[in-house]
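Please work through the exercises below with the sequence and the coordinates open beside you. Each exercise gives a task and then a solution in steps.

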Amino acid sequence: MTQRKSLDYVKKDYIRTRTLPGSWYLSSYKYKFNITHMKPFLEKLKEKKLIANQCSSCNRVFYPPRFVCGKCLVKPDKWVDIRNTASVSTYAISYLKDPETGEVQQRPMVLVHHDGADTASIAELSPDLDVKDTYVGMPIITHWRDERTGGLMDIEYYDKFDDDSDDLRNND
Amino acid sequence: MGRQVAIASAGFSEHASKRSDVSMPELVSEAIEDCLKNAPSVELGDIDAFVNGNMPAFEGSNIPELWMTDWMGARNKPLLRVTTGGTTGGTVAISGYYTVAAGLPGVDTVLAVAFEQQSQGDTSVGLASVAYGEISILNTLGIPYDQISRLLSAGAAIGVAAYQATTYMNKTKIKEEDLARVVVQNRRNAAKTWWAHLKMPNLTIEEVLDTPYVQYPLRYGMVCPASDGACAMLFTTEEKAKNMCDIPVYVNGVASVANESAVLGYDGSGSAQVDPSMQLGAIRSSELAYKQAGISFPRKEIDYAEVYAPFPNQQLLWTEKLGLFEEGTAPAMHEAGVTDFNGELPVNCSGGVNATNAIGASAMERPAEAALQIMGKASNQVPKTVHTAIGSGWGGSLNLITLMAMSDQPKRQWR
Amino acid sequence: MQKVGIVGYYQVKLYSDANYGHYEMIFEASRGALDKAGLKKKDISTVISCTNDYYDGRTISNCFTVEVGGGYMADESKVEMDGAHAVLYGLMRVLSGNHNLAVVWGGSMPSCYPYHTVRLYETDPTWERSLAYVNDITSAGFQMRAYMEKYGVTVEEIAKVAVKNKKNAAKNPLALKEAQLANLTVKDVLDSGKYADPVTELMVAPPCDGVAALLLAPEKQALKITDKPVWITGVGYNQDAYYLGDRDLSGCKSMNLAAKMAYNAAGITDPYSEIDVAELFESYAHEELIFAEELGFADKGKGAEINSAINGDLAINPSGGALGGNPPCATGLIRVIEAVKQLTGEAGQYQVKGAKKAVASGQIGMCAQNNILYVLEAN
């Protein structure tokens, strides 16, 4: 990212050498991946249930399900149920310019840490929530889509979960 | 097995946002000439092997070390290419160390060079393509494309580091002024470094805060630039180094421990790092490197540190994770002036990555500057005598790290 | 040079369009290599991978492979050349005394992208790429013509190399199915489609999907892990000039210098009589003859006279070589693995009897610009 014009710095102009235009595609590519480990999870999403897989060597629970446990270099072999309550482990705010209206929208992208899981997943918060109210450790709950098809969008977004416990505010 | 390795010289090319006067190989030869200028008794024919690296997505050239053979002086010489994304410079330097330490017959002096010419391509496309595979998987699993584009823009040039910034700021309760103070210190230091990019000797905190957000909580005025530049380092054995320079810098500890990826996992499987600012990889790397180097109390034994911090919150984070300060105390240390030019433990007196970021080269410039500080030849040389220094690198999906611990005494012990 | 042993290996079967996920293949290779040596994840000290950003379709191709390659909390790095160069980096890490077990893996999946188009990005963008005269196949055509004209080697003699390698691949269960041609004849090779005269399709090493991994350990640990470690006694690597006009294309100077470096370290003075089997990475059939001459197995121009069959005087590529399947970034590594198999007696139907010393090579760049050679010895 380059600097804005208000910040001066020593800017040197170099004599141009010869140039040649070119183009290259990193994107004419076909990615191959194996999602057999995701199938049971995607099926359960239709029933509004969340499951995760667990590595029996280190007992870590992976949500969303993982193909290989990196710590042990084995495939996780057990399935466990996961609660639909979670907390925000970290977040970032993206600024998107709407191409039609030109206004800049602020949308938080959050890393959601489900209770009982040892990993986190990327998700969005409810559009009714104010961006400024997001904080690390905020308790949230899944908001299911009305029509579920067995894809990751069956969780439409996460709602704020009104839990007044003090210990949820101090995230360590 | 193994032998002591010394750094005899380091050199840089001029860094700018557009080095429109040179092609990629010419940029590399500029850095190599500067490196050999600092070690006048070394000729190109004395170099036994080469190591080369950059991040190839930015220039549209795959394995460019083949093209620049003659510009490096590597014709009919052994050459190895090592690339690891953002940590490329650090891993090239580490590879230069290993090439000498291995003791292959006839390989005693190694020239390691890392470079980047980002103006040749599109930086944000090059950076965003880290996750193309994972994003297309998420698309197949049902997430619509516009939400994915929000995910990509939540990164932009900052990438996934924004998530790390949020948890760190939450833990230490620092404010934007603390971040801006780090930026001001870096850019003012860069004004005294001849090869740096953003030289701003009169920068103030208000000017930094007067820019819009690129990614909460980081503003445009706080993030690193995209530079063109190259860096070269000369590694050699203990005996030969004594003839090449006055104060050889011995590489006593190296480590590059990797962690599971954060934010976006492989195959779209989520973040294995729930808290990206914990950085187990950095903690483990520092344990390994300090053990090799015989450093038991880093806070007191290390005199100078160059940490890889394209964003100001990372400068504070790495000083904690690499063992220089206790957890959560880095902002207070910085405010108290411990990391100033005149302080007890100066950090990033070359301006750091915040002032110059040629991605392929910047992780090598950190150990190179730290080595020059020990030799007494840095352009922004600190007043205290530097005996032990570290240079670090960071990259990947918040999961790759490199660390090199150096000193003016050969301290590497093998059991 | 201190002795470093290869204590385990694994190669995924090669497919031209594998029905595998990318990470699935990497996991199979690294887990397979660990299982073969009977070791655990926590024994791993360092992991060196070999992938290429352009072949993987993303930058920093190693950041997401950390978990599946066994690199979690291990000292990890990536070489962006041939798999054999990654073995070199793993070897250097073990020789330095810092690490006791190195995992080296590499591979890619060219079914995901147009291979020969992406190879164009290796060319010099300021001159060669825009002219498009020089690409990986036309440069092979230049070299084959130069070699044939200088020494009077006929195109049939070169086609015989392709026939031998494809027949050998038919005995190798892990080779590419389309390359396993047990009944191939010289006429078939010469009649297959012309790529760039005089190179024909069956003379080109076919790109395919594949990943391989191997384990390195220092002498003391290697003897504890397995009773059949294979020692790397010499290594040499060298890079030639880039522009084709700056080199003598009828030979390969970088292979010559790499061989000198490796033989010097291993103490080999008469390669033809001391070496029992050679696994060479030949991207085109004529490269095998050129390499055999540069390695000292025959005089210049007489490469075709070596009896290089499996039961011949000096077996070259008994596994089929790269003509039996060329997964980019893994082929050189597979050549090292095949040489190891010969020395431990695990090569099955294509075993060379009584093999005690072997060489294995890898290469990268147009007309083999950068070559690496290993000298391997049985325990």
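The exercises that follow concern a predicted model, and they go from chain A to the contact between chains B and C and then to strands of chain C.

**Exercise 1. The elements and the open sheet of chain A**

Task: Determine how many helices and strands chain A has, and work out the strand order of its open sheet of three strands.

Solution: Begin with the inventory, which gives one helix and eight strands in chain A; read from the N terminus on, these run α-β-β-β-β-β-β-β-β. Next, place the three strands of the open sheet, whose order is E2-E1-E3 of chain A with antiparallel pairing. The edges are then strand E2 (61-62) and strand E3 (78-82) of chain A, each of which pairs on one side only. To fix the register, take strand E1 (residues 50-54) of chain A, which is joined to E3(A) by five bridges in the antiparallel sense, and note that A:Asn53 has A:Trp79 of E3(A) as its bridge partner. Finally, for the chain as a whole, 32% of the 172 residues of chain A count as buried, and, among the contacts in chain A with a separation of 6 or more, 52% come from residues 24 or more positions apart.

**Exercise 2. The contact between chains B and C**

Task: Find which helix gives the most residues to the side of chain B that touches chain C, and describe how H3(B) crosses H3(C).

Solution: First count the participants, which are 58 residues from chain B and 60 residues from chain C. On the side of chain B, the elements that each supply at least two residues are helix H2 (69-72), strand E3 (79-81), helix H3 (88-102), helix H5 (132-140) and helix H11 (280-293); of the residues on this side, H3(B) gives the most, with six. By class, this side of chain B has 25 nonpolar, 26 polar and seven charged residues.

Now turn to the packing of the two helices. The axes of H3(B) and helix H3 (residues 83-95) of chain C come within 8 Å and cross at roughly 65°, and the crossing is left-handed. H3(B) contributes B:Ser95, B:Tyr98, B:Thr99 and B:Ala102 to this contact, while H3(C) contributes C:Tyr89, C:Met92, C:Arg93 and C:Leu95; these residues divide into five nonpolar, two polar and one charged.

**Exercise 3. The geometry of H3(B)**

Task: Check whether the span of H3(B) agrees with the number of its residues, and state how many of these residues are buried.

Solution: At 1.5 Å a residue, the 15 residues of H3(B) should span 21 Å, and because the end C-alpha atoms are 20 Å apart, the two values agree. As for burial, H3(B) is mostly covered, with 15 of its 15 residues buried. After the helix comes B:Gly103, with a positive phi near 70°.

**Exercise 4. A strand of chain C and its partners**

Task: Explain why strand E12 (residues 370-377) of chain C counts as largely enclosed, and identify the strands that pair with E12(C) in the steps below.

Solution: Seven of the eight residues of E12(C) are buried, and therefore the strand is largely enclosed by the rest of the structure. One partner is strand E8 (residues 230-239) of chain C, which runs antiparallel to E12(C) and is joined to it by eight bridges; here C:Asn238 has C:Asn371 as its bridge partner. Another partner is strand E11 (residues 357-364) of chain C, also antiparallel to E12(C) over eight bridges, where C:Ser361 stands opposite C:Leu373. The hairpin of E11(C) and E12(C) has five residues between the strands, and in this hairpin C:Gly365 takes a positive phi near 100°.

Methods: Residues numbered from 1 in each chain as written. Chains lettered and ligands numbered in written order. Predicted model: local features only at pLDDT ≥ 70, side-chain atom pairs only at ≥ 80, totals over all residues. Pairing = 2+ DSSP bridges. Helix = DSSP H or I, 4+ residues; strand = E, 2+ residues; numbered from the N terminus. Buried ≥ 20, exposed ≤ 12 C-beta atoms within 10 Å, placed from the backbone. Contact = placed C-beta atoms within 7 Å. Nonpolar A, V, L, I, M, F, W, Y, C, P; charged D, E, K, R; others polar. Expected span 1.5 Å × (residues − 1). Axes fitted to C-alpha atoms, helices over the stretch in contact; angles between N-to-C directions. Left-handed = near helix turned anticlockwise from the far one by under 90°.
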